[in-house]
Amino acid sequence: MASIRHEIIIDASPEYIWDVLRDVGAVHERLLPGRVIGTRLEGDQRFLTFPDGHVIRELIVTIDDDSRCLAYSVVEGARPPLEHHHASFEVRPEGDEAGRLIWTTNVLPHTQTAEIRMRIEHGAWEMKQAIEAAARS
């Protein structure tokens, strides 16, 4: 199993970053506007709809406010197709005015590592842009 860890500094308070991440029903509005066009919750499952109509079904594993950690798993619709996916976001303070987003993802098959790493890095950059823009307004 491959484990991918990506960290990015976001110019917003850790509290604000966490508020955006833990709002699991508003991915299309707060975290990845434009990249995701719809978010639907059914119990502990989240369905993300993309502009091309593709839907990913995720299981929200945990939302831990004390440690500012959100864990989820893509259970259907992963692109590229995966045998296993589990990921977590963690938010930590970074200096006085910023936060560090740590995104850790475990996937099978490990042969998809390069593709998944590229998507994570790009996605983290998009999240950073959206969170910083909203925090400034």
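Which residue stands opposite T104 in β7? Keep that in mind as you go through these close-ups of a predicted model; the view of the strands has the reply.

**View 1. Strand β7 sits between two partners.**
Here is the reply: S88 stands opposite T104 in β7. T104 has a partner in R5 too, which also stands opposite it. Zoom out a little and you can follow the pairings along the strands. β6 and β7 run antiparallel and are joined by 11 bridges. β1 and β7 are antiparallel as well, with 9 bridges joining them. Of the 11 residues in β7, 8 are buried, so the strand is largely enclosed by the rest of the structure. If you're tracing side chains here, it helps to know that in a regular strand they alternate between the two faces of the sheet.

**View 2. Three rings come together in one aromatic cluster.**
Y72, F89 and W103 make up this cluster, and the structure holds 2 aromatic pairs. Y72 and F89 are stacked, with 5.7 Å from centre to centre and 25° between the planes. This pair links distant parts of the chain: Y72 belongs to strand β5 (residues 69-76) and F89 to strand β6 (residues 84-94), 17 residues apart. You'll find both Y72 and F89 buried. F89 also pairs with W103, this time in a tilted way, at 4.8 Å centre to centre and 45° between the planes. Since F89 lies in β6 and W103 in β7 (residues 98-108), the pair ties together parts that are 14 residues apart in sequence. Why do we call F89 buried? Because its relative accessible area is 3%, and buried means under 20%. W103 makes the cut too, with a relative accessible area of 8%.

**View 3. Two arginines lie over ring faces.**
R40 lies over the face of F47, 4.2 Å from the ring centre. In the other example, R79 lies over the face of F50, at 5.9 Å from the ring centre. Hang on to R79, as you'll meet this residue again in the last view.

**View 4. Helix α3 packs its buried residues against helices and strands.**
α3 covers residues 113-136, which makes 24 residues. From its first C-alpha to its last it reaches 34 Å, close to the 34 Å expected at 1.5 Å a residue. Its buried residues include I116, I120, G123, M127 and I131. What do the buried residues of α3 pack against? The list is β1 (2-10), α1 (14-22), α2 (27-31), β6 and β7.

**View 5. Helix α1 has a buried face.**
P14, I17, W18, V20 and L21 are the buried residues of α1. Look down the axis of α1 and they fall within an arc of 160°, so they line one face of the helix. A handy rule goes with this picture: an α-helix has 3.6 residues a turn, so residues three or four places apart point the same way.

**View 6. The backbone does some unusual things.**
Most residues other than glycine have a negative phi, and most peptide bonds are trans. Now look at R68, a residue other than glycine with a positive phi near 50°. R68 is in the loop between β4 (55-64) and β5. G95 also takes a positive phi, near 70°, in the hairpin of β6 and β7, where 3 residues come between the strands. Next, the cis peptide bonds: one joins R79 and P80, with omega about -5°. P80 is in the loop between β5 and β6. Another cis bond runs from L108 to P109, with omega near 0°. P109 has its place in the loop between β7 and α3.

Note on methods. Residues are numbered from 1 along each chain as its sequence is written. This is a predicted model: local features need pLDDT of at least 70, side-chain atom pairs count only at pLDDT 80 or more; totals for chains, interfaces and linings use all residues. Side-chain values use heavy atoms; hydrogens and water are left out. Rings of Phe, Tyr and Trp (its six-membered ring) pair if their centres lie within 6.5 Å; planes under 30 degrees apart count as stacked, over 60 as edge-to-face and the rest as tilted. Helices (H or I, at least four residues) and strands (E, at least two) are DSSP runs, numbered from the N terminus. Buried means under 20% relative accessible area, exposed over 50%, partly exposed in between (1.4 Å probe, protein chains only). A charge sits over a ring if NZ of Lys or CZ of Arg is within 6 Å of the ring centre and within 35 degrees of the ring normal. The expected span of a helix is 1.5 Å times one less than its number of residues. Contact means heavy atoms within 4.5 Å. Two strands pair if DSSP finds at least two bridges between them. The arc is that of the directions from the helix axis to the C-beta atoms.
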